[in-house]
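Student: I would like to go through the hollow spaces of a protein model. Can we take them one at a time?

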Amino acid sequence: MTIPATTSVVIVGAGPAGLTAAIALADAGVDFVLLDAQAEGANTSRAAVVHARTLEVLDGFGIAGELHDLGIEVPRFVLQDGPARLATVGFGGLPTAYPYTLMVGQETTEAVLLARLRTAGGDVHRPYRVTGLTDDGAGVTVEFTDAAGVSGSIRAEYVIGADGMHSVVREQAGIGFTGATYPESFVLADVRMTWPDRRDEVSLNLSPEGVTVVAPLPGDRYRVVATVAEAPEHPTHADVQAILDARRPGAVVREVVWSSRFRVHHRVADHYRAGRVLLAGDAAHVHSPAGGQGMNTGIQDAAALGALLIRVLDGAPESLLNDYEKTRRPVALGVVAFTDRMTRMATLRARPARLVRNAVVRAVTRIPAVRKALAYRLSELANR
């Protein structure tokens, strides 16, 4: 597809946040161009949790049911220290049509979003790498290169940066990204295995060696996320089995379908808006995978931003865009703080501290109101 000379909105990044923003604009008849640096299908399963609030947002676009049918309902999270169960947090009593977590790979979520975008008449321009942008107050000029290295530019009224943690849009807009990096690295793997627990729960396993999250995926697979001192670039069957042997004995890995390593940051953009440039998704916030809230928060960002941009482009005051940062940045700050506490609590090494932690967790989660509050927080229903 040829890139036009001008458009109303340029969206950079066709991950879940960028696709969601594009769907909102397409449904409203807003002219936009969605650019992505990757070829179609180059994504992987990465994020695998879709929470209740996100399903409510996707239901507004008519695709929650389709996504549901491709995933697995998980009605509870459990917290364990080895084989000892410390707490169970259930989603069954939540005030929503989706009282569960949906486990489905990010590649499937993106495929459903892309199909919905095409139904609305939109599409993604690939592969185009954004190299710079200039906001002169009257509009934004976005510079890019194509797969052959040929340069071009497009003029837009607004730009949405949904281009991930290493966002070129955020950098070019001069927006800081405050935070830090956890010292541990993370192993991420999709495996087929014999797992000693039920397939209708996500398990957060604590141990002196680190935290390990195990969650069921469609197709008789499991997602394993584990902190290690230095993860290998491509964790092997032996690597994943050794982690589980040390932290959750009884699991037997039969096959590693896909694996990777990554480092986790906890950062939030200093601002979500700089003039005519706005940020969404990982370009605006990154944090620990504990609780599986990253992609969810990004999709919700994009839906909220799309709705505001539609109103502004239809004649509402441009100052309305300030509401985006006012409402969504506090959500990200809360998620980062919550997941940081979870991660630090889960990775305690000293035995006395672990014993105290376990006793406190058992005591407070016996209180129904505490369990309900945790479920409400994890499901992100407080973000309505």
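Tutor: What follows is about one cavity and one pocket in a predicted model.

Student: How many cavities of 30 Å³ or more does a search of the whole structure find?

Tutor: The search gives one cavity of that size. The largest cavity holds about 80 Å³ of space.

Student: What makes a space a cavity and not a pocket?

Tutor: A 1.4 Å probe fits in a cavity but cannot get out, whereas a pocket is an open set of points.

Student: Why is M342 called a lining residue of the largest cavity?

Tutor: Lining residues have an atom within 4 Å of a point. M342 is listed in the lining of the largest cavity, so it has such an atom. Others in that lining include F186, L204, T343 and A346.

Student: Which element gives the most to this lining?

Tutor: α8 does, with three residues. β15 (221-228) also supplies at least two.

Student: How do you know what classes the lining of the largest cavity has?

Tutor: Val counts as nonpolar, so V211, V213 and V225 go in that class. The full division is nine nonpolar, three polar and no charged residues.

Student: What is the volume of the second largest pocket?

Tutor: Its volume is about 200 Å³. α7 (294-313) is one of the helices that supply at least two lining residues, and α7 gives the most, with four.

Student: What makes part of that pocket's lining charged?

Tutor: Arg counts as charged, so R53, R328 and R384 belong to that class. The lining has five nonpolar, three polar and three charged residues.

Terms used
Residues are numbered from 1 along each chain as its sequence is written. This is a predicted model: local features need pLDDT of at least 70, side-chain atom pairs count only at pLDDT 80 or more; totals for chains, interfaces and linings use all residues. Side-chain values use heavy atoms; hydrogens and water are left out. On a 1 Å grid over the protein atoms alone, a cavity is a set of points where a 1.4 Å probe fits but cannot get out, and a pocket is an open set with protein on both sides within 12 Å along at least five of seven lines; lining residues have an atom within 4 Å of a point. Grid points are joined across faces, edges and corners, and a volume is the space filled by probe spheres set on the points.
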